[in-house]
Amino acid sequence: MRNEDLPDPESGHPRRRPALAALCLALVVTTIDNTVLNTALPALAEALPASTADLQWINNAYTLVFAAMLITAGSLGSRFGHRRTLTGGLTVLALASSAAALSDSTGQLVAFRALMGLGAAFVMPATLSIIVALFGPRERGRAIAVWSATAGIGIVVGPVTGGLLLDHFAWGSAFWINVPLVALALTSVLLLVPALPGRRTGRLDLPGLLLSAGGLAALVDAVVQGPERGWLTATTLAEAAAAAVLLTAFTLWELRTAHPMVDVRLFADRTFSVAGGILGITFFALFGMLFGYTQYLQLVHGFSPFEAGLGALPFALSMAATAGTSDRTAARFGPRNTVAAGLTVMAAGLGALSLITVTTPYAVLALAMGVVGAGMGLVMAPASTATVAAVPREKAPMASSVNSVVRELGGALGIAVVGTVVSASYRSRLASALPDAPAPAGADLPSAHLVAAGLPPGPADRLVAAANEAFTTALDHGTQLCALVALLGAAAALARLHRQQPAAPAAGAGAGTGAGAGAGTDPAPGRQDSPEREKAPAP
C-alpha cells in the first residue's frame with residue numbers, strides 16, 4: 001500500500017470527508033433494514049400466512065444473528081480489512097433481501113432474515129472503525145457525532161418507508177427496497193472509502209469466535225423469547241445458563257490465549273465500561289418505549305402505517321440536530337455533564353409520554369418525542385467516542401463491536417422487559433374493566449381490535465374503548481419504567497464517568513486533542529495516553 005493511502009496520525013486521511021458520507025449511508029441502510037419490517041408484519045401475517053409466533057421469529061431472527069456475530073465481525077474486519085468486510089456485508093444484505101422478498105413460506109423468510117442479520121453485523125462496527133482510522137484526533141469527535149446523527153435518521157426512515165411502500169405495494173417491497181439502497185451504499189464505499197490494511201498478526205482466534213457467537217446467541221434468544229415463553233420456563237433458564245457458561249468460557253479463553261479476539265482486561269477501564277453501559281441503558285429506554293408507542297398510534301389513534309412512521313419524525317429531527325453538535329457541547333461542558341444532561345432530558349420526554357391518555361393530541365406527542373430525541377442525541381456520540389478514547393487506537397474495532405453488541409442487547413432487553421410490563425398491566429386492567437371480555441381480547445391490543453371487528457356495534461365499541469384505555473394506561477406504566485432507567489443512567493454518568501474540565505473546541509475542529517478526544521474523555525487512572533497510542537497503525 002502506498003504511503004499516501006495511509007492516514008496522517010494528526011490530520012487524518014485526505015479523503016476522510018467523502019468517505020464519512022459513504023459510511024453514514026451504509027449505516028442508514030442497516031438501520032432502515034432493522035426497522036422497516038415493523039410496518040410490514042400485519043401484511044405478512046395475512047399473505048404467507050404467519051402466526052404470531054412466526055412473526056416473532058421473522059422479526060427476531062435478524063436481531064439474534066446480528067447481535068451474536070458483531071464481535072466476530074469486528075475481529076475479522078481487523079484481520080482482513082474493514083472496507084473488505086463492509087462491502088462483503090453489504091453484498092450479503094442485498095442478496096438476502098432479494099431472497100426474502102421472494103419467500104413463499106415463513107421458514108424461508110426466517111432463514112433469509114437471519115442471513116440479512118449476518119450481513120448487517122459486518123457493516124455497523126466496520127463503519128465506526130473506519131471513521132476512527134481515517135480521522136485525526138482533532139476531527140474525530142465531530143465525525144462520530146455525524147455518524148450518530150445518521151443512525152437516528154435511519155431509525156425513523158425505516159417505518160416511514162415501510163408504511164409508504166405498503167400503501168401501494170405488497171409486503172415484499174419492504175425487502176426489495178434494500179437492493180437499490182445497498183447498491184448505492186456499496187458504490188459509494190468502493191469509490192470513496194480508501195482501503196486500509198488489516199492486521200494479519202497471530203493466529204485466528206477460532207475458539208473465541210465460536211464461544212462469543214454461541215454465548216451471545218443464547219443470551220439474545222433468552223431475552224427476546226423470554227416474555228412469550230415465560231422467564232422461568234425450562235427453555236429460557238437453560239438458554240440463560242448456556243449463555244453464562246459460554247461467555248464465561250470466552251472470557252477465560254481470551255485471558256489466556258496469546259492472540260485474543262477481545263482484550264477483556266479493557267473492561268476494567270471505568271470509562272470504557274460505564275460509557276458502554278450507558279449506551280445499553282439509552283437503547284433500553286428508547287426501544288422499550290417504541291415497542292408500545294407504534295401500536296398506540298396505529299390502534300388507539302387510528303393512524304395508518306405511513307402516518308405512524310411520520311409520527312416519530314420529531315424524534316429523528318431533534319436527535320439529528322443535537323447529535324450533530326454534541327461534540328461541541330461535550331467540548332464545552334465536558335462529556336460527563338453532556339451525557340448526564342442528555343439522559344435527564346430523555347427521561348423528561350419519557351416522563352411526559354407516560355402521562356398520555358387515549359385522547360392526547362398529536363401535537364403533545366410530537367413535542368414529547370422531540371424531547372426524547374434531543375436527549376438521546378446528546379448521549380450517543382459522547383458515549384460512543386468515550387469508549388473508543390478509552391482504548392489504544394489499534395483496538396478501536398473491538399470497542400466499536402462491543403458498542404454495537406451493548407446497544408443491541410439493551411434494545412432487545414428493553415423490548416422484552418417493558419413489553420412484559422405492558423402486557424401484564426393490559427391484561428389485568430382489561431379484565432377489571434370487562435370481566436366478561438372474550439378470551440382472545442385479553443391477549444393484546446391487536447387481538448382486542450380483531451375480536452371487536454366480529455361483534456355487533458354496541459359490544460364492539462365497548463370492547464375497543466376498554467381495550468384502548470387499558471393499553472394506554474399499561475403503556476404509561478412501561479414508559480415510566482423507561483424514564484426511571486434513563487434517570488439511573490444519568491446518575492451513573494455523574495457518579496462513574498471521569499470528570500474533565502470543559503474546554504472550547506479548537507478552531508475548525510469539533511473536538512479536543514488526544515486519541516478520540518472528541519468526547520473529551522480523561523484517560524483512566526493509571527493509564528497515560530502517549531503519542532505512541534495515537535500513532536499506532538490504523539485498524
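**Exercise 1. Is Leu109 buried or exposed, and what is its relative accessible area?**

Before starting, note that this is a predicted model, where local features need pLDDT of at least 70, side-chain atom pairs count only at pLDDT 80 or more, and totals for chains, interfaces and linings use all residues. Residues are numbered from 1 along each chain as its sequence is written, and side-chain values use heavy atoms, with hydrogens and water left out.

Step 1. Find Leu109 in helix H5, residues 106–121; helices (H or I, at least four residues) and strands (E, at least two) are DSSP runs, numbered from the N terminus.

Step 2. Apply the cut-offs: buried is under 20% relative accessible area, exposed is over 50%, and partly exposed is in between, with a 1.4 Å probe and protein chains only.

Step 3. Leu109 has a relative accessible area of 0%, so Leu109 is buried. Other buried residues of H5 include Thr106, Arg113 and Met116.

Step 4. For a neighbour in space, try Ala99: its C-alpha is 8.2 Å from that of Leu109, with their positions 10 residues apart in sequence.

**Exercise 2. Test whether the lengths of H5 and H17 agree with their residue counts.**

Step 1. The expected span is 1.5 Å times one less than the number of residues.

Step 2. H5 has 16 residues and should span 22 Å; its end C-alpha atoms are 22 Å apart, which agrees.

Step 3. H17 (residues 362–389) has 28 residues and should span 40 Å; the end C-alpha atoms are 41 Å apart, and this agrees too.

Step 4. Now look at the surroundings of H17: 23 of its 28 residues are buried, so the helix is largely enclosed by the rest of the structure.

**Exercise 3. Describe how H12 packs with H20 and with H17.**

Step 1. Two packed helices are described by the angle between their axes and the distance between the axes. Here axes are lines fitted to C-alpha atoms, for helices over the stretch in contact, and angles run from 0 to 180 degrees between N-to-C directions.

Step 2. H12 (residues 270–300) and H20 (residues 457–496) pack at about 165 degrees, with axes 9 Å apart. That makes the two roughly antiparallel; the classes are under 35 degrees for roughly parallel, over 145 for roughly antiparallel, 65 to 115 for roughly perpendicular, and oblique for the rest.

Step 3. The crossing of H12 with H20 is left-handed, meaning that the near helix is turned anticlockwise from the far one by less than a right angle (clockwise would be right-handed). This contact has 17 nonpolar, 7 polar and 2 charged residues, where Ala, Val, Leu, Ile, Met, Phe, Trp, Tyr, Cys and Pro count as nonpolar, Asp, Glu, Lys and Arg as charged, and the others, Gly among them, as polar.

Step 4. The axes of H12 and H17 come within 9 Å and cross at roughly 155 degrees, and these helices are therefore roughly antiparallel. H12 passes H17 in a left-handed crossing, and their contact has 19 nonpolar, 5 polar and no charged residues.

**Exercise 4. Classify the ring pair of Tyr62 and Phe66.**

Step 1. Rings of Phe, Tyr and Trp (its six-membered ring) pair if their centres lie within 6.5 Å; planes under 30 degrees apart are stacked, over 60 edge-to-face, and the rest tilted.

Step 2. The whole structure holds 6 aromatic pairs. For Tyr62 and Phe66, the ring centres are 5.9 Å apart and the planes are at 20 degrees, so the pair is stacked.

Step 3. Both residues lie in helix H3 (residues 52–80), 4 residues apart, about one turn of the helix, and both are buried.
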